[in-house]
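Here are some worked exercises to try with the model open beside you. Have a go at each task before reading its solution.

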Amino acid sequence: MTKEEEWLGTASPAKLIFMLAVPSVAAQFINVLYNIVDRMYIGHIPEEGAAALTGVGLTFPIITIISAFSAFAGAGGAPLAAIELGRERRDAAERILGTAAALLVCFAVVLTAVFWICKEPLLYVFGASSATIPYALEYLSVYLLGTIFVQLSLGLNMFITCQGHAKTAMLSVIIGAVLNIILDPIFIFLFDMGVTGAALATVISQAASAVWVILFLCSRRSAFKLRRRYFALDLHQAGRIVALGVSPFIMQATESLIVIVFNTQLQKYGGDLYVGSMTILQSLMQLVFVPVMGFTQGTQPIISFNYGAGKTDRVRQTVRIMLAVSLCITAAGWLAANLFPHVLVRIFTSDEELLAVSARMLPLFMGGVWIFGGQTACQSAFVGLGQAKISLFLALLRKVIILIPLAYVLPCFIGLAGIYLAEPAADITAAVTTMTLFALRFKKILAAPVKD
């Protein structure tokens with residue numbers, strides 16, 4: 001048993017959470033910085049920065065979907081591997097890892113082919129114009145060539161975190177982010193490659209992260225290894241991985257759908273000013289979501305390992321801490337949105353008209369975020385406990401079942417404000433439902449034997 005495995009099963013849950021969750025939160029913030037810096041460089045391309053930035057922004061739904069597919073194998077397989085590690089079934093964990101790696105390669109091949117064929121019509125659906133489509137196509141054509149690196153770096157990195165190597169997993173993100181920040185100005189400005197240079201820098205950075213992750217999983221430091229003999233589509237393991245991975249996949253993939261729905265509705269009822277305000281509000285919401293998602297993802301391996309090891313008291317203690325901290329983070333975000341709306345919005349814009357609209361709508365839009373930490377913590381716990389069906393339902397509940405219909409229905413009765421109100425209504429309803437289900441099911445799950 002490795003030192004990390006001993007810690008997962010014996011160290012104080014509070015200490016473990018600090019050790020694993022802090023690097024996970026840091027990695028999430030670094031990943032956000034990665035995207036922001038990329039756009040900052042593109043936006044400063046002489047004479048064409050605005051159009052180039054808009055064009056690259058149009059590729060966001062496709063890039064989000066590509067990243068989301070890594071969750072099928074990564075977020076679906078890593079908890080299962082951690083459970084097997086807790087059961088001291090290292091061979092089973094390696095079989096899951098090998099199947100997940102094979103799935104990621106298959107996803108990469110299919111996604112590259114599909115989006116390469118359909119990229120232009122899709123970009124027009126997302127709002128491209130004759131002025132922005134060249135930049136969108138230029139960026140996406142290069143980015144798609146690195147789909148395999150996105151899948152492997154994001155998907156396999158979760159198998160490092162689930163072993164307790166949170167700092168190593170964080171380093172894989174840092175390597176890509178720092179390399180991208182260095183290469184961006186060299187390719188964009190020094191080599192005068194423009195948008196193509198930005199995309200190339202991203203692909204090279206993702207490739208470096210992927211190599212780092214694979215080398216670690218093949219090394220002696222890894223509690224279970226990526227072995228050639230298990231690199232195959234084991235249908236039984238693939239079914240388990242996909243069933244559990246559907247929930248994280250939907251949570252990520254539907255982000256692109258939400259952006260499209262909000263933007264089209266705001267364009268219909270308000271115009272460009274309100275579309276711009278939604279960009280700011282969603283960015284501020286992300287600043288709350290990122291630490292919560294990072295915290296729960298970092299805590300999840302502790303739940304999975306101890307559940308597999310049959311240490312239910314440690315599972316209960318970990319879940320209580322995760323729930324309390326998550327609620328504190330989202331409550332702090334809600335408080336800040338109500339006390340300092342103008343200060344927060346001014347981070348993103350100095351335009352007085354846009355500032356006024358965004359500051360007025362921020363407390364409304366984030367009106368339900370105070371309880372969102374409860375949904376995130378309970379849903380993450382369900383995933384960590386291998387509860388695929390419940391996780392799938394909860395992933396669909398907030399965005400697909402509640403939020404999207406409300407974004408269409410509420411404006412019919414109360415106008416423009418209804419679009420902003422759809423977010424808190426969905427947050428509160430989904431959080432209450434998720435926490436109630438968790439309270440009803442948690443004891444039964446712990447009492448039942450672990451499924452193969």
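Contact here means heavy atoms within 4.5 Å. Keep in mind throughout that this is a predicted model.

**Exercise 1. Describe how helices H7 and H8 pack against each other.**

Solution. Two packed helices are described by the angle between their axes and the distance between the axes.

- Step 1: locate the pair. H7 covers residues 147-161 and H8 covers residues 166-190.
- Step 2: take the geometry. Their axes come within 8 Å and cross at roughly 155°.
- Step 3: classify the angle. Angles over 145 degrees count as roughly antiparallel, and H7 and H8 are therefore roughly antiparallel to each other.
- Step 4: list the residues that meet. From H7 come Asn157, Ile160 and Thr161, and facing them from H8 are Thr168, Ala169, Ser172 and Val173.
- Step 5: sort them by class. The contact of H7 with H8 has three nonpolar residues, four polar ones and no charged ones.

**Exercise 2. Work out the surroundings of Asn157.**

Solution.

- Step 1: place the residue. Asn157 sits in helix H7.
- Step 2: check its exposure. Buried means under 20% relative accessible area; Asn157 has 10%, so Asn157 counts as buried.
- Step 3: find its partners. Not counting residues up to four places away in sequence, Asn157 touches Leu152, Ala169, Ser172, Val173 and Val213.

**Exercise 3. Is Ser326 buried or exposed, and which residues is it in contact with?**

Solution.

- Step 1: Ser326 belongs to helix H12, residues 312-339.
- Step 2: its relative accessible area is 0%, so Ser326 is buried.
- Step 3: once neighbours within four places in sequence are left aside, Ser326 is in contact with Val292, Phe295, Thr296, Gly373 and Ala377.

**Exercise 4. Decide how far helix H6 is enclosed.**

Solution.

- Step 1: H6 spans residues 133-143, and nine of its 11 residues are buried.
- Step 2: name them. The buried residues are Ile133, Tyr135, Ala136, Leu137, Tyr139, Leu140, Ser141, Val142 and Tyr143.
- Step 3: conclude. With nine of 11 residues buried, H6 is largely enclosed by the rest of the structure.

**Exercise 5. What is notable about the phi of Asp192, and where does Asp192 lie?**

Solution. Most residues other than glycine have a negative phi, and most peptide bonds are trans.

- Step 1: phi of Asp192 is near 55°, a positive value in a residue other than glycine.
- Step 2: Asp192 lies in the loop between H8 and helix H9 (194-217).
- Step 3: its relative accessible area is 68%, so Asp192 is exposed.

**Exercise 6. Relate Pro301 to Ala166 in sequence and in space.**

Solution.

- Step 1: Pro301 is part of helix H11, residues 272-308.
- Step 2: at 6% relative accessibility, Pro301 is buried.
- Step 3: Pro301 and Ala166 are 135 residues apart along the chain, and their C-alpha atoms are separated by 10.0 Å.

**Exercise 7. Put the protein as a whole into a few numbers.**

Solution.

- Step 1: count the elements. The secondary structure has 17 helices and zero strands.
- Step 2: consider burial. Of the 452 residues, 55% are buried.
- Step 3: consider contacts between residues at least 6 apart in sequence. Among these, 82% join residues at least 24 apart.
- Step 4: consider the surface. The accessible surface is about 18,600 Å², with 68% belonging to carbon and sulfur atoms.
- Step 5: look for disulfides. The whole structure has zero. Among the cysteines, Cys328 is exposed at 55% relative accessible area, and Cys412 is exposed at 57%.

Conventions: Residues numbered from 1 in each chain as written. Predicted model: local features only at pLDDT ≥ 70, side-chain atom pairs only at ≥ 80, totals over all residues. Heavy atoms only, no water. Axes fitted to C-alpha atoms, helices over the stretch in contact; angles between N-to-C directions. Helix = DSSP H or I, 4+ residues; strand = E, 2+ residues; numbered from the N terminus. Parallel < 35°, antiparallel > 145°, perpendicular 65-115°, else oblique. Nonpolar A, V, L, I, M, F, W, Y, C, P; charged D, E, K, R; others polar. Buried < 20%, exposed > 50% of the residue type's maximum accessible area, 1.4 Å probe, protein only. Areas by Shrake-Rupley, 256 points an atom, 1.4 Å probe, with all protein chains shown as cover. Disulfide = S-S within 2.5 Å.
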